[in-house]
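Me: I would like to go through the terms used for this model one at a time, and to hear in each case what justifies them.

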Amino acid sequence: MTDTASTDLTGRSALVTGGSRGIGYAIALELARRGAAVVITGRKPEPLDEAAAALRDAVPGSVVTAVAGNTGDPEHRTDAVAAAVANGGIDILVNNTGINPTAGPLMDADLGAVRKTFDTNVVAALGYVQEAYRAGMKDTGGAVVNIASIAGLRPTGLIAAYGASKAALIHLTEELAWQLGPSIRVNAVAPGVVKTKFADVLLAAGEDVVGQTYPMNRVGTPEDIAATVAFLVSDAASWITGETIRVDGGKLATGGM
Ligand SMILES: NC(=O)c1ccc[n+]([C@@H]2O[C@H](COP(=O)([O-])OP(=O)(O)OC[C@H]3O[C@@H](n4cnc5c(N)ncnc54)[C@H](OP(=O)(O)O)[C@@H]3O)[C@@H](O)[C@H]2O)c1
């Protein structure tokens, strides 16, 4: 367990939701580099196929499959998990898709949008774990990582419904770790602001300006998150479960958002 190969993922089969760009793409790349066969998902088929091709180019010999669909659709979840199983079982699940359609005062929040946020960010993540469990993880064991947010650890006053959904995802991570151990480990990663399309609004003041509010003096990159996810799903993390690792350039260490 303590040998240098412990972060190697050769022979593992992984499913990364929302892998056509941003953090999910970087996670898929890192897992493929470490030897895992990877299934990626996303709603738009074309960019998803392009991402899968780019991943195969970046890691010669890698097995990367694209399954287009919406995380909120149970049939799509079944298809995506089946594609991972076709790679020899499902060992790794990364619930990366997340949406943030509502911001501002909670008193003005559209409850339909809030419901959709929880459905995608929390209920669908649980749906994916159920699907993976029933499709074989129950018998073979495995590792799940949920992509949360520091907005789920500390109120932002701005993206409040999103933050509440990520707090629920963090709690779900702990409950699942309890119920699925010892064979399945379930952890979460809570990023600070990471430079992706999703963060455009959060970076409106300018990347440098936002970066200066972080002890590490920069905002995050998708690769910063991918490295931690790859560690968590590997044997090197075999005694870590129910944990949420902040990957936030020290943001919460400053005490504020
Ligand atoms: N970027 C940040 O600052 C930040 C900070 C904290 C946490 N996070 C979390 O990190 C995760 C990834 O965010 P990101 O910044 O990488 O976002 P992104 O760049 O916008 O990428 C999102 C990915 O998910 C897919 N996707 C979105 N909604 C989907 C749905 N309903 N069903 C299936 N696929 C869907 C997108 O493809 P399609 O558009 O084609 O569906 C795309 O591949 C999210 O859970 C987010 O909450 C991000």
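What follows is a set of questions and replies on the ligand, the pockets, the cavity and two backbone features.

Me: What kind of model is this?

Reply: The model is predicted, and the values discussed here are computed from its heavy atoms, with hydrogens and water left out.

Me: How do you know that Asn70 makes a polar contact with the ligand?

Reply: A polar contact requires a pair of N or O atoms within 3.5 Å. In the side chain of Asn70, an N or O atom is 3.0 Å from a nitrogen atom of the ligand, so the pair meets the cut-off.

Me: What makes the backbone of Gly98 and of Val194 count in the same way?

Reply: The limit is again 3.5 Å between N or O atoms. A polar backbone atom of Gly98 is 3.3 Å from an oxygen atom of the ligand, and a backbone N or O atom of Val194 lies 2.8 Å from a ligand oxygen, so both pairs qualify as polar contacts. With the protein in place, 97% of the 890 Å² of accessible area that the ligand has on its own is covered.

Me: Which residues make up the shell around the ligand, and of what classes are they?

Reply: The ligand is surrounded by 29 residues, of which the closest are Ser20, Arg43, Asn96, Tyr162 and Thr196. By class, 10 of the shell residues are nonpolar, 14 are polar and five are charged. Helices α1 (22-33) and α5 (160-180) each contribute at least two residues to this shell.

Me: Why is the ligand said to sit in the largest pocket?

Reply: A molecule sits in a pocket if more than half of its atoms lie within 2 Å of the pocket's grid points. The ligand is assigned to the largest pocket, which means that it passes this test there. That pocket holds about 1,400 Å³ of space, and among its 50 lining residues the closest to its centre are Gly98, Ile99, Tyr162, Phe198 and Ala199. Two or more lining residues come from each of α1, β2 (37-42), α4 and α5. The lining divides into 21 nonpolar, 21 polar and eight charged residues.

Me: What lines the second largest pocket?

Reply: The second largest pocket contains about 170 Å³ of space. It has 13 lining residues, and Arg12, Gly142, Ala143, Arg185 and Asp235 are the closest to its centre. Three of the lining residues are nonpolar, six are polar and four are charged.

Me: Why is one space called a cavity and not a pocket?

Reply: In a cavity a 1.4 Å probe fits but cannot get out, whereas a pocket is open. The structure holds one cavity of 30 Å³ or more, and the largest cavity has about 40 Å³ of space; because it is classed as a cavity, a probe placed there cannot get out. Its lining includes Thr17, Asn96, Asn121 and Leu169, and helix α4 (residues 111-140) gives the most, with three residues. By class, three lining residues are nonpolar, seven are polar and none is charged.

Me: Where is the peptide bond with omega of about 5 degrees, and what is it called?

Reply: This bond joins Gly181 and Pro182, and it is a cis peptide bond. Pro182 is found in the loop between α5 and β6 (184-191).

Me: What makes Asn217 worth listing?

Reply: Asn217 is not a glycine, yet it has a positive phi of about 60 degrees. Asn217 lies in the loop between α6 (207-211) and α7 (222-232).

Terms used. Residues numbered from 1 in each chain as written. Predicted model: local features only at pLDDT ≥ 70, side-chain atom pairs only at ≥ 80, totals over all residues. Near = heavy atom within 4 Å. Polar contact = N/O pair within 3.5 Å; in protein donor to acceptor, adjacent residues only side chain to side chain. Areas by Shrake-Rupley, 256 points an atom, 1.4 Å probe, with all protein chains shown as cover. 1 Å grid on protein atoms, 1.4 Å probe; cavity = no way out; pocket = protein on both sides within 12 Å on 5 of 7 lines; lining within 4 Å. Helix = DSSP H or I, 4+ residues; strand = E, 2+ residues; numbered from the N terminus. Nonpolar A, V, L, I, M, F, W, Y, C, P; charged D, E, K, R; others polar. Points joined across faces, edges and corners; volume = space filled by probe spheres on them.
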